[in-house]
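Grab a pencil and have the model open beside you. We'll work through a few exercises together, one small step at a time.

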Amino acid sequence: MNIVIIPAFFQTKKNPTIGSFFLDQAKALRKSGHQVSILYCDTYSVKCIRDYAAYSEDALSETDGIKIYRKRVFCPLKHGMEGHRTQFTEGIIQLFEQYLSGEKVDILHAHCCVWAGYAAMRLSDRTKIPYFITEHATLFALHKDKIRKGNERYIRQAFERAAKVVCVSRAFAKLIARYRTAGDIEVIGNVVSFGQFQPKQSAPHSGMRFLTICYMNTGDQLRKKGMDILLKAWRDFSRKQDGVKLIVGGGGQVAQKAVEWCKEYGIEESVEFVGALSREQVAAQMQACDAFVLPSRYETFGVVYIEAMACGKPVIAAANGGPDDFVKDFNGILIAPECVVELTEAMQYMAEHRECYEPQRIAEFVKERFSEQAVAAQLSELYMANHNRRNR
């Protein structure tokens, strides 16, 4: 089939890891035999006028047989992620008409309703091509009270008219059920590239080495990922353990705040900040650690946990939505959200029982469910079912 993917956000030359799971899924579909292309519209408001002027993304690029078409659009009245609905949509339609109007496209697959799903709906109105929406956005869990009433109807319309809605976890599907009947929502997780993320013997080191990775661009991101909870728990845990180390990966404008917390708690000697990481560097850090920990307040899925598990590492996560589907006793520990005491105890338990976690078993578990082949097969089945319904 010919699949056109429309992501709500996407990687740039400056930040090549943003939306990496969209590209990973596109690659999985391409490897399974589908023709795949990506349409993306970069939107800039007045406060980002310098970035707009310095725009250097390629209008057409190709990676692993996937053509990526993109353009920039200036949105003078853009306010947050909701304010660029019309401009983003017009940009996507223009890209389709410029590059793909002569092709027989079978499915438009949008990632995130705001506003890729809306754009797919409008493009579908013009072309009569059915569209799918895979929803990832924490907007619907953490900021649903901030969605403007005027935008609610567009969101509902896009979900209701989609040929299929997919969510990345069961808990998240329950949230989206206010827009689409829960029984009509499929659950398919994100892809993990086992070419990069796989078990590997790490260099010998003393003590227990924990790893955490998250973006730290805003205070909201720090809070969402639970960095305050993690560092408080690390303060209590590290006082009882000699030679332990916490590696913190991920850059951002507010990373310094996390550094300041470490100084305040007196743990700067046992916490190492390694900054922004490429995908290759993330994999290397995961292969070198003993366990991964990230006590997010909410996750729609949590691809970093799966990547760590693909490397054979046990994980510690909060029971906050996404991780509830795949963190089991044999591959990690689920704690209560925002509970410093439980997180401290979980790290203590893992340090004392790390030999009980079998790397190969952990890796095989996620490979069966989230490998390129597994996810592509699930999506292909949905595409074909939709195709058969339309051609009866």
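Before you start, one cut-off: a residue is buried if its relative accessible area is under 20%, exposed if that is over 50%, and partly exposed in between. Keep in mind that this is a predicted model.

**Exercise 1. Find out whether glutamine 253 is buried or exposed, and what it touches.**

Solution.
- Step 1: locate the residue. Glutamine 253 sits in the loop that runs from strand E10 (245–249) to helix H10 (255–265).
- Step 2: apply the cut-off. Its relative accessibility is 73%, so glutamine 253 counts as exposed.
- Step 3: look for partners. If you skip neighbours within four places in sequence, glutamine 253 is in contact with Met216 and Asn217.
- Step 4: compare sequence with space. Glycine 219 is 34 residues from glutamine 253 along the chain, yet their C-alpha atoms are 9.0 Å apart.

**Exercise 2. Now do the same for cysteine 75: is it buried or exposed?**

Solution.
- Step 1: cysteine 75 is found in the loop between E4 and helix H3 (85–99).
- Step 2: with 0% relative accessibility, cysteine 75 counts as buried.
- Step 3: leaving out residues up to four places away in sequence, cysteine 75 touches Thr43, Tyr44, Ser45, Val46, His84 and Gln87.
- Step 4: threonine 86 is eleven residues along the chain from cysteine 75, with 9.2 Å between the two C-alpha atoms.

**Exercise 3. Walk through helix H4 and its surroundings: how many of its residues are buried?**

Solution.
- Step 1: start just before the helix. Cysteine 112 lies in the loop between strand E5 (107–111) and H4, and at 2% relative accessibility it counts as buried.
- Step 2: count inside H4, which covers residues 113–127. Eleven of its 15 residues are buried, so H4 is largely enclosed by the rest of the structure. Among these buried residues are Cys113, Val114, Trp115 and Leu123.

**Exercise 4. Hunt for unusual backbone angles: which peptide bond is cis, and where is phi positive?**

Solution.
- Step 1: recall the usual picture. Most residues other than glycine have a negative phi, and most peptide bonds are trans.
- Step 2: check omega. Valine 114 and tryptophan 115 are joined by a cis peptide bond, with omega at about -10°.
- Step 3: check phi. Cysteine 112 has a positive phi near 85°, and lysine 128, just after H4, has one of about 65°.
- Step 4: move to another loop. Aspartate 64, between strand E3 (60–63) and strand E4 (66–74), has a positive phi of about 50° although it isn't a glycine.

**Exercise 5. Describe the second largest pocket: what lines it?**

Solution.
- Step 1: take the volume, about 360 Å³.
- Step 2: list what lies closest to the centre. Of the 14 lining residues, these are Gln201, Ser202, Asp290, Lys313 and Pro359.
- Step 3: sort the lining. You get six nonpolar, four polar and four charged residues.

**Exercise 6. Zoom out: how compact is the protein chain?**

Solution.
- Step 1: the protein chain has 15 helices and 14 strands.
- Step 2: its radius of gyration is 21 Å, close to the 21 Å that the globule rule gives for 392 residues, so the chain is as compact as a globular protein of that length.
- Step 3: the C-alpha trace spans about 65 × 45 × 40 Å along its principal axes.
- Step 4: of the 392 residues, 54% count as buried.

Conventions
Residues numbered from 1 in each chain as written. Predicted model: local features only at pLDDT ≥ 70, side-chain atom pairs only at ≥ 80, totals over all residues. Heavy atoms only, no water. 1 Å grid on protein atoms, 1.4 Å probe; cavity = no way out; pocket = protein on both sides within 12 Å on 5 of 7 lines; lining within 4 Å. Points joined across faces, edges and corners; volume = space filled by probe spheres on them. Nonpolar A, V, L, I, M, F, W, Y, C, P; charged D, E, K, R; others polar. Helix = DSSP H or I, 4+ residues; strand = E, 2+ residues; numbered from the N terminus. Rg over C-alpha atoms; globule rule 2.2 N^0.38 Å. Buried < 20%, exposed > 50% of the residue type's maximum accessible area, 1.4 Å probe, protein only. Contact = heavy atoms within 4.5 Å.
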